[in-house]
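Please open the model in your viewer and keep the sequence panel beside it. The tour below goes from one selection to the next and says what to look for at each stop.

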Amino acid sequence: MPHLHIEEFKQIDFPKVYDEVSFNFIASNAMHEDEKLISTTVEDEDFFLLVKEEENKSLLKTDKLTRPASIHNVHRALLAYAKAAGLHVINSNVPQTQKNIHLQEVTALKKIEYFANKFPLDKEVRIEVGFGSGRHLLHQAATHPDVLFIGIEIHRPSIEQVLKQSVIQKLNNLLVLDYDARLFMELVPSNIVGAIYVHFPVPWDKKPHRRVISTSFIEEARRVLKVGGTLELRTDSENYYAYSYETFIAFNKTTLQINKNKDIAISSKYEDRWKKMEKNIYDVTMINDELSEPLTIEGDFTFSKPGLSFDEITGLHNKTFRFEDGFMHFERVYKTKNGVMLRLSMGSFDRPEHLYIIIDEKGISYYPDLPLKSRSNLKAHKELGKILHG
Ligand SMILES: C[S@@+](CC[C@H](N)C(=O)[O-])C[C@H]1O[C@@H](n2cnc3c(N)ncnc32)[C@H](O)[C@@H]1O
């Protein structure tokens, strides 16, 4: 994560434009004054910089929830703020001269809105969830130039490594997305995907709700797969295998294939490690046998005026509300110049979304982006409206 360690945080006058970076406003955590968020715009990307103040050394870095697709833009914002505020930088991992990775980021790395606005449909699509080192994804893209591969990963260094490789190998049939694959699946059109690969997912033995494979993930996978399309799970964890088998077998109109220690064309870093340790490797392949209904998502993310006062909204801090199939948790409350900002997680239990909303005299709005237009988010949005209207 790009960051600057600074001697002392200094505030500029907001709004301000410096080195073509706009600093729009600042929000302070209502419970921990030492944490602040700076709303920043670079080119057309809006995101927060996060400030953590400590006695002798403070930190300025990118906020995980809103980080933009382009790491280059984060670097620009950090450096511009440091200059604009005259910060004394003790150390940093931000390069002063930017590498050429930016070029490829513009083409292969996509934001979730790219898929939400107009899903690419001109080629067969195959998806890899959690591609890690990317060996399998890159091999597949290189050997099937007529197929569009979408690689989804939440680990930034892995993403950058794969982007670099895709430039070196001149792959033009590979798109990369930094997003939770479980949410992504909800906006993929029905019956268009040839294969979904989930290779060596984190087993999350102690936090099963974080697993990629779940009933709702399989439901969405089945919907997006063509007839004959496959969802391919490969795991070294006996527990995960047993759990997944139970979850898959509950589905009708699918064919399941189980393989043990099957060799595939390319072995990932993880696989090499497990093979050396002589662990068993399990494959569960689900073949979709049925055409699905087209995807329909109705509703929007507008709010009417809040009924609660700013104090009542601040009082929502740490509160959780449950509703049918989902929940809402108010994680943090921030004070802005003219109102409050909330950070919350909401949606279904196994696919929650984390986001910010701003409440001021103009009303309530999501910031910087609307939630992903999925059924579970629209449902959660309705519940959020009810809570804020009192
Ligand atoms: C154990 S690694 C396996 C990587 C690779 N598939 C391999 O075989 O080497 C699991 C990867 O899944 C990613 N991951 C975990 N949950 C995810 C999610 N919900 N969406 C996208 N990627 C996820 C992690 O960041 C990690 O890189």
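A polar contact is taken here as a pair of N or O atoms within 3.5 Å. Bear in mind throughout that this is a predicted model.

Begin with the ligand, and select S268 together with it: an N or O atom in the side chain of S268 lies 2.9 Å from an oxygen atom of the ligand. Taken as a whole, the protein covers 89% of the 600 Å² of accessible area that the ligand has on its own. The elements that contribute two or more residues to the shell around the ligand are β10 (147-153) and α6 (181-184), so colouring these two would be a useful next step. Sorting that shell by class gives 8 nonpolar, 5 polar and 3 charged residues.

Next, display the residues around the ligand, which number 16, and pick out G130, E153, H199, F200 and S268, the ones that come nearest. On E153, a polar side-chain atom is found 2.5 Å from an oxygen atom of the ligand. At A181, by contrast, look at the backbone, where a polar atom is 3.0 Å from a nitrogen atom of the ligand.

Keep E153 selected and add E128 and D180, since the "binding site" annotation in an unreviewed UniProt entry covers these three residues. They span 53 residues in sequence, yet no two of their C-alpha atoms are more than 12.0 Å apart, and they therefore gather at one spot.

Where in the fold is E128? Zoom in on strand β9 (residues 124-129), which contains E128. With a relative accessibility of 3%, E128 counts as buried, and, leaving aside residues up to four places away in sequence, E128 touches H136, L137, I150, G151, I152 and Y197.

Move on to D180, which is placed in the loop between β11 (174-178) and α6. Here the relative accessibility is 22%, and D180 counts as partly exposed because the buried class ends under 20%. Showing side chains at this stop brings up a polar contact of 2.8 Å between the side chains of D180 and R182.

A further "binding site" annotation from the unreviewed UniProt entry covers K206 and D236. Is K206 buried or exposed? Select K206 in the loop between β12 (193-199) and α7 (215-224): K206 is exposed, with a relative accessible area of 81%. Then select D236, in the loop between β13 (225-235) and α8 (238-249), where the relative accessible area is 12% and the residue is buried. Not counting residues up to four places away in sequence, D236 touches F200, W274, K279 and N280, and the side chain of D236 makes a polar contact of 3.0 Å with the side chain of W274.

For the next stop, select T254, which lies in strand β14 (residues 254-260) and counts as buried at 17% relative accessibility. A polar atom of the T254 side chain lies 3.5 Å from the backbone oxygen of F251. Beyond residues up to four places away in sequence, T254 touches R222, M286, I287 and D289.

Finish at V167, in helix α5 (residues 156-168), which is partly exposed with a relative accessible area of 41%. If you draw a distance line from V167 to P201, C-alpha to C-alpha, the two are 26 Å apart in space and 34 residues apart in sequence.

Definitions and conventions: Residues numbered from 1 in each chain as written. Predicted model: local features only at pLDDT ≥ 70, side-chain atom pairs only at ≥ 80, totals over all residues. Heavy atoms only, no water. UniProt positions renumbered as here; feature names shortened; annotations may be inferred. Helix = DSSP H or I, 4+ residues; strand = E, 2+ residues; numbered from the N terminus. Buried < 20%, exposed > 50% of the residue type's maximum accessible area, 1.4 Å probe, protein only. Contact = heavy atoms within 4.5 Å. Polar contact = N/O pair within 3.5 Å; in protein donor to acceptor, adjacent residues only side chain to side chain. Near = heavy atom within 4 Å. Areas by Shrake-Rupley, 256 points an atom, 1.4 Å probe, with all protein chains shown as cover. Nonpolar A, V, L, I, M, F, W, Y, C, P; charged D, E, K, R; others polar.
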